[in-house]
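The following exercises ask the reader to work through one structure step by step. Each task is followed by its solution.

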Amino acid sequence: MSIEMKPGLWKQRDGRTAIVRVQQPRHLWPWKGSDADGNRNSWGDDGLHYHRPDDLDLIEYLGPLEADT
């Protein structure tokens with residue numbers, strides 16, 4: 001899986017939608033936002049929630065946040 005991480009709405013591996021808001025460089029999981037349940041979460045530059053397949057992995061960019069348009 002090869003994706004280009006950026007802020008916006010993302011499809012999780014489980015089919016639900018996550019929100020990625022900011023990148024904090026030099027962190028193990030630099031992309032911060034909230035998962036489909038509204039819980040704060042983080043992802044790696046590869047969109048993975050952990051270093052193994054997980055339901056919260058980001059697999060598809062759906063578009064910018066409404067405030068970004």
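**Exercise 1. Classify W10 as buried or exposed, and identify its aromatic partner.**

Step 1. W10 has a relative accessibility of 1%, so this residue counts as buried (buried means under 20% relative accessible area, exposed over 50%, partly exposed in between, with a 1.4 Å probe and protein chains only).

Step 2. The model is predicted: local features need pLDDT of at least 70, side-chain atom pairs count only at pLDDT 80 or more, and totals for chains, interfaces and linings use all residues. Residues are numbered from 1 along each chain as its sequence is written, and side-chain values use heavy atoms, with hydrogens and water left out.

Step 3. A search of the whole structure returns two aromatic pairs (rings of Phe, Tyr and Trp, the last by its six-membered ring, pair if their centres lie within 6.5 Å; planes under 30 degrees apart count as stacked, over 60 as edge-to-face and the rest as tilted). In one of them, the ring centres of W10 and Y61 are 5.3 Å apart and the planes meet at 65°, so the pair is edge-to-face.

Step 4. This pair links distant parts of the chain, since W10 belongs to strand β1 (residues 8-12) and Y61 to strand β5, 51 residues apart (strands are DSSP runs of E with at least two residues, helices runs of H or I with at least four, both numbered from the N terminus). Y61 is partly exposed, at 28% relative accessible area.

Step 5. Y61 has a further neighbour: the charged end of K6 sits over its ring, 4.3 Å from the centre (NZ of Lys or CZ of Arg within 6 Å of the ring centre and within 35 degrees of the ring normal).

**Exercise 2. Characterise the pair formed by W29 and Y50, and the surroundings of H49.**

Step 1. W29 and Y50 form an edge-to-face pair, with 6.4 Å from centre to centre and 85° between the planes. W29 lies in the loop between β2 (17-23) and β3 (31-34), whereas Y50 lies in the loop between β4 and β5, 21 residues apart.

Step 2. W29 is partly exposed at 24% relative accessible area; Y50, at 37% relative accessibility, also counts as partly exposed.

Step 3. H49 is located in the loop between β4 (40-43) and β5 (58-63). H49 is buried, with a relative accessible area of 8%.

Step 4. Leaving aside residues up to four places away in sequence, H49 touches W29, N41, S42, W43, D54, L56 and D57 (contact means heavy atoms within 4.5 Å).

**Exercise 3. Derive the strand order of the sheet and describe the chain as a whole.**

Step 1. The protein chain has five strands and zero helices.

Step 2. The five strands form an open sheet in the order β4-β3-β2-β1-β5, with antiparallel pairing (two strands pair if DSSP finds at least two bridges between them). β4 and β5 are the edge strands, each pairing on one side only.

Step 3. Four bridges join β2 and β3 in the antiparallel sense, and V22 has K32 in β3 as its bridge partner.

Step 4. Buried residues account for 35% of the 69 residues in the protein chain. Of the contacts between residues at least 6 apart in sequence, 41% join residues at least 24 apart.

Step 5. The C-alpha atoms fill a box of roughly 30 × 30 × 25 Å along the principal axes.
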